[in-house]
Amino acid sequence: MPHTNRMNVGYLLTAVAFLVVAISIPAFGSEYTVQLATDILSFVALGYSWNLISGFAGYISFGQVSFFGLGAYTTAVLVNHFDVPWYVAVCCGGIVTAIVAAIFGPIMLRLRGILFALGMLGLARILTVVFSDWDYAGGAAGTTLPPELNPSAVYIGMALTALCAFAVNAYFARSGFGLDAMSVREDEDAAGALGVPTTRVKVITFILSAVFPGLVGGLIAWNRSYLDPASAFDPTLDLQTIVFTLFGGIGTVWGPLIGTSVLMLIGEQLLIHFSSLKLALYGAVVIATVLMFPGGLVSLLNRFGLLKRKLILAPPELPLGDAPVATDAGLDSSDSLLEVRDLSVRFGGLLALDNVSFRLRRGETLSIIGANGAGKTTLFNAITGFVQPTSGEILFRGSTVSALPVIDRVHLGMARTFQIPRLLSELSVWENVVLAARHGRQKHQPVQHAAWVLRTVGLDEMWLEPVARLTPGRQRELELARVLALQPDLVFLDEVMAGMTKEEQERVRGIIRRMSDFGVVGIVCVEHVIAAIADLSDRMLVLDFGRKIADSKPTEVLNDPVVIKAYLGEVQ
Amino acid sequence: MLAVQLLINGILLGGTYVLIAQSLNLIFGVMRVVNLAHGSFIVMAGLFTFWLSARTGLSPLIVLPIVFVVSFVVGALLQPVLIEPLMNQGRRAELLSLMVTFGLDYVLVQIALHVWGADYVSLPYLQSTWTFGAITLSKALVVVGLFAVGIVALLYFGLNYTSFGKALLAASQSPVGAACCGINVRRVRLFAFALGIALASSAGTLLIMILPMAAESADNLTILAFVIVALGGLGEYAGVTIAAFLLGLAQSLAGYFLGGDAANVLPFVILIAVMLLWPQGLRRAA
Amino acid sequence: MTNTHLLHRLAWASGVAMLLSFMATPGQAADKPILIGATSSETGPFAADAEYNLNGMKLGIEEANAKGGWLGRKLELKIYDDESKPGTAVRLYTRLITEDKADLLIGPYSSGITQAIAPLMNKQQYAVVEPEASIPTIYVPGNKWNFQGVASSLTYLEGLLPLANKNGAKTVAVLGLKSAFTLACYDARIKQAEQLGMKVVYKTTYSLPEPDFASMALAIKNAQPDVVLGCTYYPDAVGLVKAFQAQGFAPKYFAETVGPVAAAFTKALGPLANGIISNTGWWHNFKTPGSKEFTEHYKAMFKQDPDYHSAAGYGAVKVLGAAVEGTKSLDQDKIRVWLHANTVDTVQGPFKVDANGLSQGFSQSLVQIQDGHLKLVTPEDLAEAKLLVPYPGK
């Protein structure tokens, strides 16, 4: 990468310029300038924290103001009732919000999409009522704090908070943890299937995105010397933060800073000169942004090669990579790898799986066939933990896994693909594979392992490509590569050859044949294209209306009249 | 008697929620467009009705069809510009529609402020009661509830028993599949959005009789609508109607026994609780 | 309306118009104008009432300029929109002080926003008349620079309970919106009822947006109070009246603090508004000096009837002017000392404060809506109508 050096110099110069501006504001600016800068920085910090949970982890929140208010109230109570110095109180506010987020995170983050957004908004509404009834903290009439005498001190506190929030965003944009968070955004279930501890990732992100509003709230409370529930938990604070961040570029490192600075400086001029048009202009800006450049100002700059996102954990050149060390030694082919006993799944009135039992030995490839709606995918979902079986038992390497969550089964060595590839479509080929490598058996050296997998599968040429640019066939290969990067013992392939050309099918068949190179010792696949899978299978299992109707060698199964009847209907 | 009156109050309150929620259900639940400007359409229609009624002396029930037609046209003009371009964005469409309508909300509020000012207004219409012993029924509330339920019933039959309604449901479930069957998916989406806006606006015309509204009081209606749709289940017609009435009932009881603030936060408490226990909404829980 | 009245108004309108066109030409004053700064809620939830207040200020400035300004200098009013947000107001007052170098400041609209900017005034040492901050909690020991330019919220509806009590009312229900100003009123009225020996049979506080006033109304119906006293803002004032009617309950006395005085209130409720009692710090028939002229000029200039917000804004300018002329200076400390020591007659009544800046001179008079129009019912000497009891509720 020849540009790297020049880019680093660019970043350094930008950083120095910011630092100079930041220091010169309290040194040379009027008190108004300091106040304006403090307010802008408060929104920068709020924008960066919203960006963590909503931009990186994809959980749009309308209620981060809950943490702003909690931080503000913590500061007010500590200063007023315990005579704590304000800067200590502000830090305590950050700690309190972190604790609250740690408690509420696991609950709230079970909600998804607009429901999470509304749930957070509800949290803010509930807190407004709680604090308006709590006379110790000032009640509905609010509370005053001792007057703040040095605006520059608050400004510095705010600048440091914004800087820390920025740093955490920068870390997210470059680190494996940030990649985990983005995988939650792109497809949470698929991320779980790759061993990403999604709940932990979400909760940690949520806590980080709560700390900074807590600090900002405390600083603002001290800055204003007055606090009441209506302004502490004001939902429009979130709305403004969201507008600024969207305008700058959601999920980017520079978006919140650029969006907030530009809009607030413009907004302040509008407020002063055209206040009556301000709302409409804000609205128009948001609409235009979404319709014309949904990635915000940053995406616009990207077109000119500026502020481009760096691929996470990507080395300058794709390394040769090392073949993994075998982990599964000492078992011979007589050992049972997977055993399914009397498995039934019922959806309401529909019995999707009816007492299915089978066994897979080490080294075997089992294919499962059946008409549409025969229960093939349900069987997969039940074995890999995506669906809770109604009854029955699943044993992996002799011990029961029936009650384990998806992620634990992945860590034990079971991995799956999805019928429709569920790739992290906003990210690159490299990031998709390295994400899996980070959570598989080679997690101590994910970069080397991911590189080896990409080379072995044959995707090394296009490792920097965005997923969206791959052909459907290549996407299927990438999905296989991603599963293999986990280095599992047992792989479940869900119709990996559906809708492919002969050529593409041949490439996939090649990968399936070489699976033992990746340490795989058992394959279960669901397939419609029977011809493409028959010669790869040791055994074939046929499902019909949720029941197993055959289970033996492919040649025998395909000549079984019962099977033929199930597939082709009654033959006269 | 108190119990009966509380029950009636709850049902009447629920009646005011039905149309607010079902119009959003069409846009959000069925078409998967997150319309954050929902409340603003309701309030604009309310303010328009007030303005027209005050000028001409027309009954709001006569203004209703005018509002319906005008807002349908407005919805039909907005959809191709703001919503349709997002529809090919796959899973991001929901987030993008949220953002676009978020901006639209600001614009609508500003327009309302400019045209009608920031005042809270309400129409004095049908302000009398029917009394049955100790039970009192507000005529305005009953009429609003009946109209709302009537419109929602028409919507139900329209969706389930006309070919266009079936096309709409099909397009929402599988756009590609519907297109393959020869359905003009773009036109269906346009119609659904315009209809949703027209229904929301109708709600505004009815609600201005019982609820003071101002240009900037729209957000709460938006939130309420989303909460009810979430509780009832996205796109679930019966579920949303039941959720609207149950919420009205619950708020009425909470307001009486626990005070106004309890009724205020109740939708959120219920939302969080229900979503944790039954992530698919109330109907799936039953 | 008599013909002379109309002529009078026309004459004034043309006079003010001429005055305005005169003002538009560049002034000949040698000195640059005195810059008076304030924020107003031009957008946001307070926009409707704040406009009346701002108009009052504008009129005060116009009139002062017509008489040659203060200290021989013209006045210039600089207004920023605080968006009804305390944070924005703090920043913009800082701007008025440090960037625009305003000579004088006037307070913003609403108690909440004033509460937020009051510490700034104490810190920057600007003597500020607060025309719209009725809550008493701003004017406490430690406050040196904020002066209450409006009746304290403790006085809202103060006159009602003694009157009702005298007429035989025994029981009261008190409702309070959870905001600084309405809660101060709520507490004060409950205390007053107890002192009068009246029984508070129901009391509750609520927040906006309140989804369902019906439950509150039903609970009050069960308690059957003689007096219902709502410490309200506008939307809840309307919502409560509608809810009472829907539950079929009409108390003998039905009073609300903010709301009934607004023109939109009667439009929203029609005949239901008749009999609702409220209060005002100013009325057009007040015998206070300048009240009549204020009403006429205001109508001519803004084509609307002034209300007590307008009177408060207008009064704040007058008080400030008196202080400037009284001290012959723009020195903030001198103005502060002067404001503490002197009484200024305004259209609202005498401006007079205690050591903490709390108003001592202003009071509230009761008004009642009768036949769709507000009528002053107390004090007796000014009353336009007798208090109508009971509230008909239909």
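Which residue of E4(A) stands opposite A:Arg346? That one is A:Leu351. Here are some notes from a walk through the model, which is a predicted one.

1. Start with the sheet that holds this pair. Four strands of chain A make an open, antiparallel sheet, in the order E4-E3-E6-E7. At its edges sit E4 (350-361) and E7 (399-400) of chain A, and each of them pairs on one side only. E3(A), residues 336-347, runs antiparallel to E4(A) and is joined to it by eight bridges. Besides the pair of A:Arg346 and A:Leu351, have a look at A:Leu338, which faces A:Leu360 in E4(A).

2. The turn between those two strands is worth a glance. The hairpin of E3(A) and E4(A) has two residues between the strands, and A:Gly348 there has a positive phi near 55°. There is a helix on this sheet as well: H15 of chain A (residues 376-384) packs on it and touches E3, E4 and E6 (391-396) of chain A. The direction of H15(A) makes about 65° with that of E4(A).

3. Chain A has another open sheet, this one with six strands in the order E8-E9-E10-E5-E11-E12 and with mixed pairing. E8 (414-416) and E12 (547-552) of chain A each have a single partner strand, so one side of each lacks a neighbour in the sheet. From one strand to the next, the twist averages 15°. Inside this sheet, E9(A) (residues 490-494) and E10(A) (residues 522-526) run parallel and are joined by five bridges. A:Asp494 is found opposite A:Val526 of E10(A).

4. Keep following the chain past E9(A) and you reach A:Glu495, in the loop between E9 and H20 (502-513) of chain A. Its phi is positive, about 50°, although A:Glu495 is not a glycine. Most residues other than glycine have a negative phi, so such a value deserves a second look. Is A:Glu495 buried or exposed? Buried is set at 20 or more other C-beta atoms within 10 Å, and A:Glu495 has 20 such neighbours, so it counts as buried.

5. Chain C offers a counterpart in C:Asp371, in the loop between E13 (365-370) and E14 of chain C. Phi of C:Asp371 is near 50°, again a positive value in a residue other than glycine. C:Asp371 is exposed, with 10 other C-beta atoms within 10 Å.

6. Two cis peptide bonds in chain C should go on your list. One joins C:Leu208 and C:Pro209, with omega about -5°, and C:Pro209 belongs to the loop between E7 and H7 of chain C. Another runs from C:Thr378 to C:Pro379, with omega near -10°. C:Pro379 is in the segment after E14 (373-376) of chain C.

7. Now for H1 of chain B, residues 2-30. Its 29 residues should span 42 Å at 1.5 Å a residue, and the end C-alpha atoms are 39 Å apart, which agrees. H1(B) does have a kink of about 35°, centred on B:Leu24. The helix is mostly covered, with 23 of its 29 residues buried. Just after H1(B), B:Arg32 has a positive phi of about 60°.

8. For comparison, take H3 of chain C (residues 86-98). Its 13 residues should span 18 Å at 1.5 Å a residue, and the end C-alpha atoms are indeed 18 Å apart. Twelve of the 13 residues of H3(C) are buried, so the rest of the structure largely encloses this helix. Among those buried are C:Arg91, C:Tyr93 and C:Arg95.

9. On to the core. The largest nonpolar core has 431 residues, and A:Leu118, A:Val433 and B:Ile228 have the most contacts inside it. Leaving aside neighbours within four places in sequence, B:Ile228 touches B:Tyr17, B:Ala21, B:Val240, B:Ala243, B:Ala244 and B:Leu247.

10. Last, the chain contacts. Chain A gives 25 residues and chain C gives 24 residues to the contact they share. On the chain A side, H2 (31-56), H5 (114-133), H12 (255-273) and H13 (278-292) each supply at least two residues, and H2(A) gives the most, with five. Between chains C and B, 33 residues of chain C are in contact with 32 residues of chain B. The largest share of the chain C side, seven residues, comes from H8(C).

How values were computed: Residues are numbered from 1 along each chain as its sequence is written. Chains are lettered from A and ligands numbered from 1 in the order in which they are written. This is a predicted model: local features need pLDDT of at least 70, side-chain atom pairs count only at pLDDT 80 or more; totals for chains, interfaces and linings use all residues. Two strands pair if DSSP finds at least two bridges between them. Axes are lines fitted to C-alpha atoms, for helices over the stretch in contact, and angles run from 0 to 180 degrees between N-to-C directions. A nonpolar core is a set of buried Ala, Val, Leu, Ile, Met, Phe, Trp, Tyr and Cys residues joined through C-beta atoms within 7 Å. Two residues are in contact if their C-beta atoms, placed from the backbone, lie within 7 Å. The expected span of a helix is 1.5 Å times one less than its number of residues. The bend at a residue is the angle between axes fitted to the seven residues ending there and the seven starting there.
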